[in-house]
Amino acid sequence: MTKIYISPSSQPENKYAYGNTNEQEQCNKIALATVKALKRCGIEAKTNTNSDMYKRTAESNCWKADIHVPIHTNALNGKVQGTRLFCVNFNGEGYKVCEEVMKTLAPITPGTSDSITVASFYEITDTNAPCCY
């Protein structure tokens with residue numbers, strides 16, 4: 001059975017412009033809903049909404065996740081919108097996962113700046129599982 005670890009942003013300082021909320025609150029909701037949906041589909045899934053990315057990365061590695069998925073809702077500069085995914089390189093399994101996620105998210109995400117980019121964020125480089133950030 002495939003094991004997917006969902007790692008929500010732990011950035012409460014990233015305030016939203018509307019709704020008196022922040023990135024951490026919303027990403028925790030997304031992570032819990034995603035785990036519930038994955039389990040409903042017969043996929044083993046896990047998250048931790050009470051820790052930081054370092055603990056979640058270690059937990060994902062210890063659990064031997066098959067895929068690691070950080071969840072973020074970055075606003076950037078207010079002009080860029082759309083789905084933006086990151087992976088360690090364009091040849092690995094993480095990129096393949098990003099392509100599949102992009103097919104699903106891009107059509108329902110506002111904006112047109114959909115992209116998959118190579119990045120060296122901690123959760124991308126330090127997870128044992130392929131990462132779709």
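## Exercises on a predicted model

A polar contact of 2.8 Å joins the side chains of Glu-123 and His-68, where a polar contact is a pair of N or O atoms within 3.5 Å, one of which, within protein, must be able to donate a hydrogen and the other to accept it, with residues adjacent in sequence counting only if both atoms are side-chain atoms. The model is predicted, so that local features need pLDDT of at least 70 and side-chain atom pairs count only at pLDDT 80 or more, whereas totals for chains, interfaces and linings use all residues. Residues are numbered from 1 along each chain as its sequence is written, and side-chain values use heavy atoms, with hydrogens and water left out.

**Exercise 1.** Describe the surroundings of Glu-123, and state which side chain of opposite charge is nearest to it.

Step 1. Place the residue: Glu-123 belongs to helix H4, which spans residues 122-125; helices (H or I, at least four residues) and strands (E, at least two) are DSSP runs, numbered from the N terminus.

Step 2. Look for charged partners: Glu-123 is buried yet has no salt bridge, and the nearest side chain of opposite charge is that of Arg-56, 4.5 Å away. Here buried means under 20% relative accessible area, exposed over 50%, and partly exposed in between, with a 1.4 Å probe and protein chains only. A salt bridge requires a side-chain nitrogen of Lys or Arg within 4 Å of a carboxyl oxygen of Asp or Glu, and for charge Lys and Arg count as positive and Asp and Glu as negative, while His and the chain ends are not counted.

Step 3. Look for polar partners: besides the contact with His-68, the side chain of Glu-123 makes a polar contact of 2.6 Å with the side chain of Ser-7.

**Exercise 2.** Examine Arg-56 in the same way, and identify the backbone oxygen that lies 2.4 Å from a polar atom of its side chain.

Step 1. Arg-56 lies in helix H2, residues 53-63, and is buried without a salt bridge, Glu-123 being the nearest side chain of opposite charge at 4.5 Å.

Step 2. The backbone oxygen in question is that of Ser-51.

Step 3. Counting contacts (heavy atoms within 4.5 Å), and leaving out residues up to four places away in sequence, one finds that Arg-56 touches several residues, among them Tyr-5, Ser-7, His-68 and Glu-123.

**Exercise 3.** Find how many salt bridges the structure holds, and describe the residues that form them.

Step 1. The structure holds 2 salt bridges. In general, side chains of opposite charge can pair when their charged atoms come close.

Step 2. One salt bridge joins the side chains of Lys-96 and Glu-93, at 3.2 Å from N to O; both residues lie in helix H3, 3 residues apart, about one turn of the helix. Lys-96 is partly exposed because its relative accessibility is 45%, and Glu-93 counts as partly exposed with a relative accessible area of 45%.

Step 3. Lys-103 forms a salt bridge with Glu-100, with the closest N and O atoms 3.1 Å apart, and these two also lie in helix H3, 3 residues apart. Lys-103 counts as exposed because its relative accessibility is 57%, whereas Glu-100, at 46%, is partly exposed.

**Exercise 4.** Characterise the largest pocket, and decide which element gives the most to its lining.

Step 1. About 1200 Å³ of space lies in the largest pocket. Of the 34 residues that line the largest pocket, the closest to its centre are His-72, Thr-83, Arg-84, Leu-85 and Leu-105. On a 1 Å grid over the protein atoms alone, a pocket is an open set of points where a 1.4 Å probe fits, with protein on both sides within 12 Å along at least five of seven lines, and lining residues have an atom within 4 Å of a point; the volume is the space filled by probe spheres set on the points, which are joined across faces, edges and corners.

Step 2. Strands E1 (3-8), E3 (67-71) and E4 (84-87), together with helices H1 (23-40) and H3 (93-105), each supply at least two residues of the lining, and H3 gives the most, with 5 residues.

Step 3. Leu-85, placed in strand E4, is buried because its relative accessible area is 6%.
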